[in-house]
Amino acid sequence: MLVTCTPGCTSSTEVFVATDCSALAGAPSGVLTGLRAFWSVPLNFSSLAPGQTYKVCADVDGALGAQFSAGDTGHVVKTGGPTELFKVAIHAGTFQRLPILCAVGCSTATSVYLTDLGTPCDSTQRTGLYQGVSPTSTSSVFLSGAGARWDATLDASGLASGRQYMLCMDIDGTANTAAFASTGLKVSVTGILGVVRSTFHTAGNTDLDLITLLPDGQLAGATAYIGVHCNTSTSLGTAEHTPPVSSSAGVNGSGVISFASS
């Protein structure tokens with residue numbers, strides 16, 4: 001494992017990989033080799049569970065030093081599992097397909113579900129089965145696919161539109177070895193299915209006609225903006241890019257957001 005460390009690391013620095021940096025007995029460990037800011041450490045991961053996230057811990061002055069004890073570096077490593085979602089958003093409906101990139105560890109026995117960002121993945125479940133609780137989480141499903149590309153087809157009908165959810169995974173499913181753990185991958189749930197027209201002039205007022213699953217009237221007062229990227233940390237109504245002039249409810253599964261373009 002390659003390590004960047006400046007300043008403080010020496011050839012005495014010992015690095016561990018564990019779920020808890022205060023309980024390192026039996027954890028894979030090794031002493032750094034390298035120079036200045038660039039170091040490497042040989043670690044044997046064979047004792048680690050697949051599909052889990054582990055903390056990188058370090059004892060700066062090593063086993064012979066008394067000044068420092070081992071502590072959390074704030075970095076993590078994963079032992080396989082999903083690394084990317086090919087969708088940034090799904091709808092609050094049934095049969096929602098979530099394409100997943102997973103080159104190491106995934107199989108048709110791998111089970112996943114979505115949980116909101118305030119609720120941790122259920123690490124007590126090792127059977128690959130989880131019963132969802134609306135609007136906090138979905139029930140678990142097993143992956144389909146092969147190689148590095150996999151799909152999870154979820155019932156997201158109980159989730160709340162406008163919120164982000166985390167993907168939880170039990171990589172070995174019913175094998176009872178691994179438990180559900182966070183993949184660190186997030187997806188948004190939206191009630192907007194699409195836009196009627198996606199090409200506009202860059203001057204003058206623009207009406208963006210939306211196709212939505214939301215009930216008639218629910219878009220009234222909505223705030224939106226157009227940008228190259230969406231800033232999910234921006235509070236509602238405070239976006240800086242292309243603020244809407246007005247919004248209206250629409251009828252028959254539609255809505256309108258009006259923008260002033262320049």
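Let me begin at the surface, where Leu193, Val196 and Ile211 make a nonpolar patch of about 260 Å²; patches here take residues with over 30% relative accessible area and no salt bridge, nonpolar side chains (Val, Leu, Ile, Met, Phe, Trp, Tyr) being joined within 5 Å and like charges within 9 Å. This is a predicted model, in which local features need pLDDT of at least 70 and side-chain atom pairs count only at pLDDT 80 or more, while totals for chains, interfaces and linings use all residues. Residues are numbered from 1 along each chain as its sequence is written, and side-chain values use heavy atoms, with hydrogens and water left out.

Leu193 sits in strand E17, residues 192-195, strands being DSSP runs of at least two residues, numbered from the N terminus. Leu193 counts as partly exposed because its relative accessibility is 41%, where buried means under 20%, exposed over 50%, and partly exposed in between, with a 1.4 Å probe and protein chains only.

Turning to charges, a search of the whole structure finds three salt bridges, each defined as a side-chain nitrogen of Lys or Arg within 4 Å of a carboxyl oxygen of Asp or Glu. In one of them, the side chains of Lys55 and Asp72 meet at 3.9 Å, N to O; Lys55 lies in strand E6 and Asp72 in strand E7, so this pair ties together parts 17 residues apart in sequence.

Another joins Arg163 to Asp116, with the closest N and O atoms 2.9 Å apart, and this pair links strand E15 with strand E11 across 47 residues. Arg163 is partly exposed at 32%, whereas Asp116, at 9%, counts as buried.

Terms used
Accessible areas come from the Shrake-Rupley method with a 1.4 Å probe; for residues, only the protein chains shown count as cover. Helices (H or I, at least four residues) and strands (E, at least two) are DSSP runs, numbered from the N terminus.
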